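Work through the exercises below with the model open. Try each task before you read its solution.

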Amino acid sequence: MKVALIGLGSVGRGVAGMIAKKDLGITITGIADSRSGLIDGGGVDIPALLARKKEGGFCGDQTISSADIVKKADYDALIEVTPTDALSGEPATGYIRSAISRKKHVVTSNKGPISLFLNELRMAARKNGVALRYEATVAGAIPIMHTLEDGLAGNEILALYGVLNGTCNFILTRMAAEGLTYEQALMEAREMGYAEADPTYDVQGIDAAIKLVILANTIWGNGVKLDGVDRTGIDLLTADALRLAEDEGCTIRLIAEAIPRKKILRVSPRIIGKNHPLVVDGTLNALTLETDMAREITLIGRGAGSVETASAIIGDLLYIRDRYVQRA
Ligand code: HSE
């Protein structure tokens, strides 16, 4: 299967590195970062490209843009992992629309287009007979979309509760365990590359709310939007509040919850018992689904990180390879 990859930040480099390392039958024929692009129908030399990038060099030719790759390269699936703009969804939405109109499958980790335009993009993909996959947009490596569509097929999802932001979870864990201040813990999260380019998205609960919107629209197709989420972040939480919770055998986690029967769509810091399944440490995410047949299912895994997110993207690519490309 031939793929084009646009975006060479932490996620894009993780995906490229894993495609080069593993024998997946996937060839990258077009690749671009924000400054340059490269088209090679025979397969881009990824190790050489990553080495060039590491030294601050260009990934390819400065006259070739991401849009050129999307429009001109020969590929079966576009991997779109450019930075998220949650307000406009651009330029990612334009790339995705353009690839779908060329009847190319799309795999994205980009929360902007999926939280804003999921129904429209899904309909366009269906009309063109291609797949739109976005496992990596929610909860990093946790295969939540695969679980919903395959493992829990036929179940009615009644509610969901989760820790969906690795940065906040990391900050809360470090504050409670090491007594770090909020500022110190946030600085660490940024240094480790977990936080969004603008970390206010993490700490104000916006990133978790966007993921909740994606999950709600995927499960219930109810067209909810970011401003429909009742949201409080962890930015005003003090070390004293955490200490008080700890004194009572509890802790604080930023919990996202969607309960349609109660019209609840909320992200907020919650005091919960330390043995609760949603009390996970560091950048782990956790998600409990309440269903009619399977009852409660809790999934736990790494919610952020380069290779962890690459895992979700590669799962989507192989889904497309096995169900669409090899059958064509
Ligand atoms: N900043 C996000 C987080 C990255 O911390 O969860 C993964 O979406």
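Helices (H or I, at least four residues) and strands (E, at least two) are DSSP runs, numbered from the N terminus. This is a predicted model: local features need pLDDT of at least 70, side-chain atom pairs count only at pLDDT 80 or more, and totals for chains, interfaces and linings use all residues. Residues are numbered from 1 along each chain as its sequence is written, and side-chain values use heavy atoms, with hydrogens and water left out.

**Exercise 1. Describe the largest pocket.**

Step 1. Fix the term. On a 1 Å grid over the protein atoms alone, a pocket is an open set of points where a 1.4 Å probe fits, with protein on both sides within 12 Å along at least five of seven lines; lining residues have an atom within 4 Å of a point.

Step 2. Take the size. The volume of the largest pocket is about 1,000 Å³. A volume is the space filled by probe spheres set on the points, which are joined across faces, edges and corners.

Step 3. Find the centre. The lining has 46 residues, and Val11, Thr82, Pro83, Thr84 and Glu196 are the closest to the centre.

Step 4. Assign elements. Helices H1 (10-21), H7, H9 (200-203), H10 and H12 (306-325) each give two or more residues to this lining. H1 supplies the largest share, four residues.

Step 5. Sort by class. The lining holds 16 nonpolar, 20 polar and 10 charged residues. Here Ala, Val, Leu, Ile, Met, Phe, Trp, Tyr, Cys and Pro count as nonpolar, Asp, Glu, Lys and Arg as charged, and the others, Gly among them, as polar.

**Exercise 2. Place the ligand and list its polar contacts.**

Step 1. Locate it. The ligand takes up the space of the largest pocket; the test is that more than half of its atoms lie within 2 Å of the grid points.

Step 2. Name the elements. Helix H7 (166-178) and helix H10 (206-220) each give two or more residues to the shell around the ligand.

Step 3. Read the shell. Of its 13 residues, Lys111, Gly166, Thr167, Glu196 and Asp202 come nearest. Near means a heavy atom within 4 Å.

Step 4. List contacts (N or O pairs within 3.5 Å).
- Glycine 166: a backbone N or O atom lies 2.8 Å from a ligand oxygen.
- Aspartate 202: a polar side-chain atom lies 2.8 Å from a ligand nitrogen.
- Lysine 211: a polar side-chain atom lies 2.9 Å from a ligand oxygen.

**Exercise 3. Describe the second largest pocket.**

Step 1. Its volume is about 450 Å³.

Step 2. Its lining has 17 residues, with Arg122, Leu132, Arg133, Tyr134 and Glu149 nearest the centre.

Step 3. By class, the lining has 10 nonpolar, one polar and six charged residues.

**Exercise 4. Check two backbone features.**

Step 1. Glutamate 90 and proline 91 are joined by a cis peptide bond, with omega about 5°. Proline 91 sits in the loop between strand E4 (77-80) and helix H4 (92-101).

Step 2. Alanine 139 is not a glycine, yet its phi is positive, about 65°. Alanine 139 lies in the loop between E6 and H6.

Definitions and conventions. A polar contact is a pair of N or O atoms within 3.5 Å; within protein, one must be able to donate a hydrogen and the other to accept it, and residues adjacent in sequence count only if both atoms are side-chain atoms.
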